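Please open the model in your viewer and keep the sequence panel beside it, since the tour moves from one selection to the next and ends with the whole chain.

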Amino acid sequence: MISKCDEDGEEAKGSRSAEVVAALKRLEWYPNTAAWQLNIEKKDMRKNIKNLQDFLLREVSVGNIVRMEAVSMIPAIVLGPRPGELVLDMCAAPGSKTGQLLEMVVASGEKGALNSVLQHGGAVLANDPDIKRARMMIHRAKSLSSPCLVVTALPGQSFPKLVSDDNTELLFDRVLCDVPCSGDGTIRKSPYTLKRWHPTHGIQIHLLQLQLLRRSAEITKVGGRIVYSTCSLNPLENEAVVAQVVADSKGALKILECPPRLAALKRRKGLTAWS
């Protein structure tokens with residue numbers, strides 16, 4: 001009987017391993033084979049693959065793995081900061097995208113992150129106006145142990161002018177403007193969002209979104225890049241905001257094509273008219 005139980009246990013363990021392998025899929029569009037998707041429900045993982053859940057929790061706690069939705073990874077990749085650049089994450093909490101930006105700015109390679117910072121410079125400034133969310137972001141960022149992260153809690157639409165030691169204005173190479181929104185694009189996972197949804201939500205937040213993108217443009221270097229993103233499907237929160245700010249810039253801003261590194265990502269052109 002003991003031998004039979006062991007065999008059954010090994011068989012069950014092999015079956016669970018095969019289940020994990022089958023559920024694990026690489027995200028083809030993410031650079032450097034760095035993102036994987038595990039299609040297993042949390043309840044099933046807790047019930048059947050507890051060791052895997054414990055492993056993931058442990059690795060997340062020390063900063064080796066970051067768990068986030070695939071769609072949330074896109075803005076930072078499009079922004080594409082390079083080692084040594086000064087980057088602003090305008091509305092950063094809870095901080096997952098900030099971690100992505102840090103990885104790109106601090107290209108540690110074989111000599112380590114600190115050597116990269118000393119050689120190239122560069123930093124990420126993560127801002128969120130909500131002090132509680134900013135504190136939560138600091139707590140999450142501790143596991144990253146990065147020497148080039150600055151966290152602020154300021155209203156993004158009136159983000160202050162920064163000056164360097166020689167009193168010249170300090171502008172950003174790249175700005176991620178992932179703004180507050182109605183969140184109607186998350187209905188697939190959040191039934192509560194559908195229950196509380198109303199057509200006026202996009203109208204109510206439109207002005208704040210405009211102000212955040214305008215301020216992002218004002219503090220970006222000539223030749224720099226801004227990425228504007230939401231988790232909304234409403235063109236009033238997306239295309240209308242971008243179109244207005246670009247038009248107001250009188251040629252100082254232009255819309256870029258999606259970068260070649262995201263060629264495998266399914267996408268479509270933005271709307272130019274809606275009703």
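**Backbone stops along the chain**

In this predicted model, begin by selecting asparagine 32, which is exposed because its relative accessible area, 74%, is over the 50% that the term requires. Asparagine 32 sits in the loop that runs between strand E1 (24-26) and strand E2 (36-38), and its phi is near 60°, a positive value in a residue that is not glycine. Most residues other than glycine have a negative phi, and most peptide bonds are trans.

Next, select lysine 250, in the segment that follows helix H10 (239-248), where a positive phi of about 55° again occurs in a residue that is not a glycine. Is lysine 250 buried or exposed? With a relative accessible area of 79%, lysine 250 is exposed.

For the third stop, select alanine 93 together with proline 94 and display the backbone of the pair: the peptide bond that leads from alanine 93 to proline 94 is cis, with omega near 10°. Proline 94 belongs to the loop between strand E3 (86-89) and helix H5 (96-105).

**The whole protein**

Finally, select everything and switch to a cartoon view, in which there are 10 helices and 9 strands to follow. Of the 275 residues in the protein, 36% are buried. If you then turn on a surface, the accessible area of the protein comes to about 17,200 Å², and carbon and sulfur atoms account for 55% of it. Among the contacts between residues at least 6 apart in sequence, 70% join residues that are at least 24 apart.

Technical notes. Residues numbered from 1 in each chain as written. Predicted model: local features only at pLDDT ≥ 70, side-chain atom pairs only at ≥ 80, totals over all residues. Heavy atoms only, no water. Helix = DSSP H or I, 4+ residues; strand = E, 2+ residues; numbered from the N terminus. Buried < 20%, exposed > 50% of the residue type's maximum accessible area, 1.4 Å probe, protein only. Contact = heavy atoms within 4.5 Å. Areas by Shrake-Rupley, 256 points an atom, 1.4 Å probe, with all protein chains shown as cover.
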